[in-house]
Amino acid sequence: MKILHTADWHIGKQLHKVDLSEDLELFFDWLLDTIAKEDIDLLLISGDVFDQANPSQASLKQYYGFLKRMLGTDCKIILTGGNHDSASVLNAPKEILEFLNIDVIGGAPEDINDLFIKYTKKDEQVVIAAVPFLRDKDIRNAAAGESYSDKIEQIREGITSYFSNVNSHYMQHYPGLCFIVMGHLYVQGAQVSESMRDIQIGNQAGVSGTIFGDAPHYVALGHIHKPYAVSRNVHYSGSPICLSFSEKEEVKQVNIISVSGQQVEVDIVPIPKFRNLITFQGTLEDVKTLLYAYSPITNLVSLAEIIINEPDENIQIRRDLDDLLENYENAHLKIVKSKLNFLNKIRGASEAFEPGISVADVTPMEMFEKRLELDGHQENTEELKNAFRQILEELNL
């Protein structure tokens, strides 16, 4: 039996207002092709199917479009909810999807037995504990006046206890079968990217990879967007597409698990890059040169962040950057993020004057003249000063 593990699709995600639905659609094309080529029997999707708890109609259409395309395969789907997902949204079509060989566990059920799915294919049997993202109500009883540290400790203990109960249920009801656990949580040691919210908020306290115990033969995790092997049998598949610029150098992947009895073998299959995320950094002129020399190597329009580092603060640099952002045109590259750094920037108004001179002793006109000097104004300075004097008079300063 062959099982494919993926997670963190984040359907509906936008990166700096750029819709990533095209990226996901290309991934879905590749995934369907891989399922056919590799003869995959079972697809595991470990949470964060959607980017928002209330997905848009376009996001739902893309989701159901993928499930519809999967009906043409002989591959079963088991899908769990993540912290970005609404359990009720995922569970709404649950009964209908079961008829289509798709099992959905949007949130933790009251009966732990409802997590377990036994699957037989090619004379092999596996049992899946499809554990979704565990929310506060699933793992602890909140108390008035509790401290933040107490809450985090209770969350860790609650998550540990929950997975211990999962293992106990397996040992009692499914001994001898290959055991695979799904989960959506933060295991300590995994690297977090910009696209993730504060992982210590919303009961996502980090836990040790040892909480899964020795019973599972493979643990299919979601929540961390960077592919990561916690241990030999505990894996994050990572997100299939880049969701932030901090992920731009990552090679995205899916994990294929081959099962023979209770023996599992994990193969890492890289996902093609459909879109480049690029950072251009240097002086404004350096960045301009890089932008105009860029040539694409991917299907979709590349997205760029530009970081301008200039030695001294200068109003003309700001104007030139604004002009670049407004007028730059390239059919293959779009600037979506920019930052301007002046390395010798004056941090406070008092630092513009000699040591010992207080800002309180400086007139508004003297401050304005100093500002003109620092910004490098050489033309029309008298006109600017006269205009400023008129403003001061109108303000009675």
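# Notebook: a look through a predicted model

**Entry 1, Asp-41.** I began with Asp-41, which counts as buried because its relative accessibility is 1%, and the cut-off for buried is under 20%. I note here that the model I am reading is a predicted one. I then looked up where Asp-41 sits, and found it in the loop between helix H1 (21-37) and strand E4 (42-46). Its side chain makes a polar contact with the side chain of Lys-121, at 3.3 Å. When I set aside the neighbours within four places in sequence, I found Asp-41 in contact with Met-1, Lys-2, Asp-74, Cys-75, Lys-76, Tyr-119, Lys-121 and Lys-122.

**Entry 2, the chain as a whole.** I stepped back to the whole protein chain, whose secondary structure comes to 10 helices and 17 strands. Of its 397 residues, 49% count as buried. I also looked at contacts between residues at least 6 apart in sequence, and noted that 71% of them join residues at least 24 apart.

**Entry 3, Pro-55.** Next I turned to Pro-55, which lies in the loop between E4 and helix H2 (57-70). I asked myself whether Pro-55 is buried or exposed. Its relative accessible area is 14%, so I wrote it down as buried, the limit being under 20%. Leaving out neighbours within four places in sequence, I found that Pro-55 is in contact with Phe-50, Leu-60 and Val-89. I also checked Lys-13, which is 42 residues away from Pro-55 along the chain, and the C-alpha atoms of the two are separated by 9.8 Å.

**Entry 4, Gln-62.** I went on into helix H2, where Gln-62 has its place. With a relative accessible area of 10%, Gln-62 is buried, and I wanted to know which residues it touches. Not counting residues up to four places away in sequence, Gln-62 touches Ile-11, Ser-21, Leu-24, Glu-25 and Phe-28. For Ser-21 I could add a detail, since its backbone oxygen lies 2.9 Å from a polar atom of the Gln-62 side chain.

**Entry 5, strands E5 and E6.** I looked up how strand E5 (residues 76-80) is joined to E6, and found four bridges between the two, which run parallel. Among these strands' residues, Ile-77 has Ile-102 in E6 as its bridge partner. I then checked both faces of strand E6 (residues 102-105) and found them covered, with Ile-102 and Val-104 buried on one side and Asp-103 and Ile-105 buried on the other.

**Entry 6, a sheet of three strands.** I traced an open sheet of three strands in the order E15-E16-E17, with parallel pairing. Strand E15 (277-282) and E17 stand at the edges with a single partner strand each, so one side of each has no neighbour in the sheet. From one strand to the next, the twist averages 15°. I counted the links between E16 and E17 as well, and nine bridges join this parallel pair; one of the pairings puts Ile-307 opposite its bridge partner Lys-339 in E17. Helix H7 packs on the sheet and touches E15, E16 and E17, with a direction that makes about 145° with that of E15. Helix H8 also packs on the sheet, touching E16 and E17, and its direction makes about 170° with that of E17.

**Entry 7, helix H8.** I wanted to check the length of H8 (residues 315-327), and at 1.5 Å a residue its 13 residues should span 18 Å, which agrees with the 18 Å between its end C-alpha atoms. In H8, I found Ile-317, Leu-321 and Leu-324 to be buried. Looking down the axis of H8, I saw that its buried residues fall within an arc of 60°, so they line one face of the helix. What covers them includes helix H7 (284-293), strand E16 (302-310) and strand E17 (333-342). At the N-terminal end of H8, Asn-314 acts as a cap, with a side-chain oxygen 2.7 Å from the backbone nitrogen of Gln-316.

**Entry 8, helix H10.** I repeated the length check on H10 (residues 381-394), whose 14 residues should span 20 Å at 1.5 Å a residue, and this agrees with its end C-alpha atoms, which are 20 Å apart. I listed the buried residues of H10 as Lys-385, Phe-388 and Leu-392. Seen down the axis, the buried residues of H10 fall within an arc of 65°, so they too line one face. I then asked which exposed residues are carried by the face turned away from that buried side of H10. I found Glu-383, Glu-393 and Glu-394 there.

Definitions and conventions
Residues numbered from 1 in each chain as written. Predicted model: local features only at pLDDT ≥ 70, side-chain atom pairs only at ≥ 80, totals over all residues. Heavy atoms only, no water. Expected span 1.5 Å × (residues − 1). Buried < 20%, exposed > 50% of the residue type's maximum accessible area, 1.4 Å probe, protein only. Arc of directions from axis to C-beta. Contact = heavy atoms within 4.5 Å. Polar contact = N/O pair within 3.5 Å; in protein donor to acceptor, adjacent residues only side chain to side chain. Pairing = 2+ DSSP bridges. Axes fitted to C-alpha atoms, helices over the stretch in contact; angles between N-to-C directions.
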